[in-house]
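Hello,

Here is the structure we talked about passing on. My notes follow below it.

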Amino acid sequence: MAKNERGAGRKPALSAQDVQLIRERHEMGATVTALAKEYGISRQVLSGYLNQNNEREKENYNTAKSWERLNKAFEGIDASEYAMRMEFMCGEDCCSVILVNREEEKIEVIDETDDLLHRAFGIKARPDWKDFERFLESRCFPRTREDVDLILEELGLEEYDPFAIVERTGGRMAEDLQWIKIRNYKA
């Protein structure tokens with residue numbers, strides 16, 4: 001059954017095109033207050049549009065400036081060399097941020113928490129690519145699981161690839177609240 005078939009309820013204050021334009025302008029530095037005033041809506045309504053659960057729109061960054069702004073905490077590196085950002089979350093709290101360059105097999109990490117149990121790499125301050133591969137695999141179902149072929153088929157994968165599994169599942173595990181938010185830079 002389609003959502004809201006009768007067309008009941010309040011109509012959206014902004015069109016999809018307006019929301020996209022507002023998101024782009026906000027990423028470029030426009031304030032919520034200024035944008036809300038320009039579009040004649042409250043800051044709360046505008047914030048709601050900016051925070052909508054449209055993950056496909058949120059995860060891809062198309063301009064170097066917006067990607068650099070997102071990754072400004074990584075001082076002394078060129079963020080454009082890293083096409084992926086993984087945010088290791090516990091519930092809604094970001095615990096570690098990992099910039100990933102798959103071609104050169106290198107990562108950069110910033111921990112956002114002092115809780116070692118919630119950090120992506122625990123006590124390790126300078127993890128390497130092998131540590132990263134182990135981390136990804138730790139966020140997947142076991143390779144030795146009895147029904148692994150069925151799970152891979154459901155995920156649309158032909159082989160056990162922790163990177164691809166995490167991309168499809170968000171690294172969610174049944175036994176904890178941790179997961180991985182993935183953002184991509186597509187220049």
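**Salt bridges and one helix**

Arg134 and Asp131 are joined side chain to side chain by a salt bridge, with N and O 2.5 Å apart. Please keep in mind that this is a predicted model. Both residues belong to helix α6, which spans residues 129-138, and they sit three residues apart, about one turn of the helix. An α-helix has 3.6 residues a turn, so residues three or four places apart point the same way. The two partners differ in exposure: Arg134 is exposed at 52% relative accessible area, whereas Asp131 is buried at 10%.

Which residues does Arg119 pair with? One partner is Asp111, where the closest N and O atoms are 3.8 Å apart. Another is Asp114, with an N to O distance of 4.0 Å. The cut-off for a salt bridge here is 4 Å. As for accessibility, Arg119 has a relative value of 19% and counts as buried, because the limit for buried is under 20%. Asp111 is partly exposed, at 27%, and Asp114 is exposed, at 72%.

Elsewhere, salt bridges link Glu81, Glu104 and Lys106 into a network. By the rule used, the model has 14 salt bridges.

The other item is helix α7, residues 148-155. Which of its residues are buried? They are Val148, Ile151, Leu152 and Leu155. Looking down the axis of α7, these buried residues fall within an arc of 100°, so they line one face of the helix. On the face turned away from that buried side are the exposed residues Asp149, Leu150, Glu153 and Glu154. Leu150 is thus listed with the exposed residues, alongside Asp149 and two glutamates, Glu153 and Glu154.

What covers the buried residues of α7? The cover includes helix α8, residues 162-169. Just after α7 comes Gly156, which takes a positive phi of about 75°.

In short, there are two things to look at when you open the file. One is the set of salt bridges, including the pair within α6 and the two formed by Arg119. The other is α7, with its buried residues along one face and exposed residues on the face turned away.

Regards

Technical notes
Residues numbered from 1 in each chain as written. Predicted model: local features only at pLDDT ≥ 70, side-chain atom pairs only at ≥ 80, totals over all residues. Heavy atoms only, no water. Buried < 20%, exposed > 50% of the residue type's maximum accessible area, 1.4 Å probe, protein only. Helix = DSSP H or I, 4+ residues; strand = E, 2+ residues; numbered from the N terminus. Arc of directions from axis to C-beta. Contact = heavy atoms within 4.5 Å.
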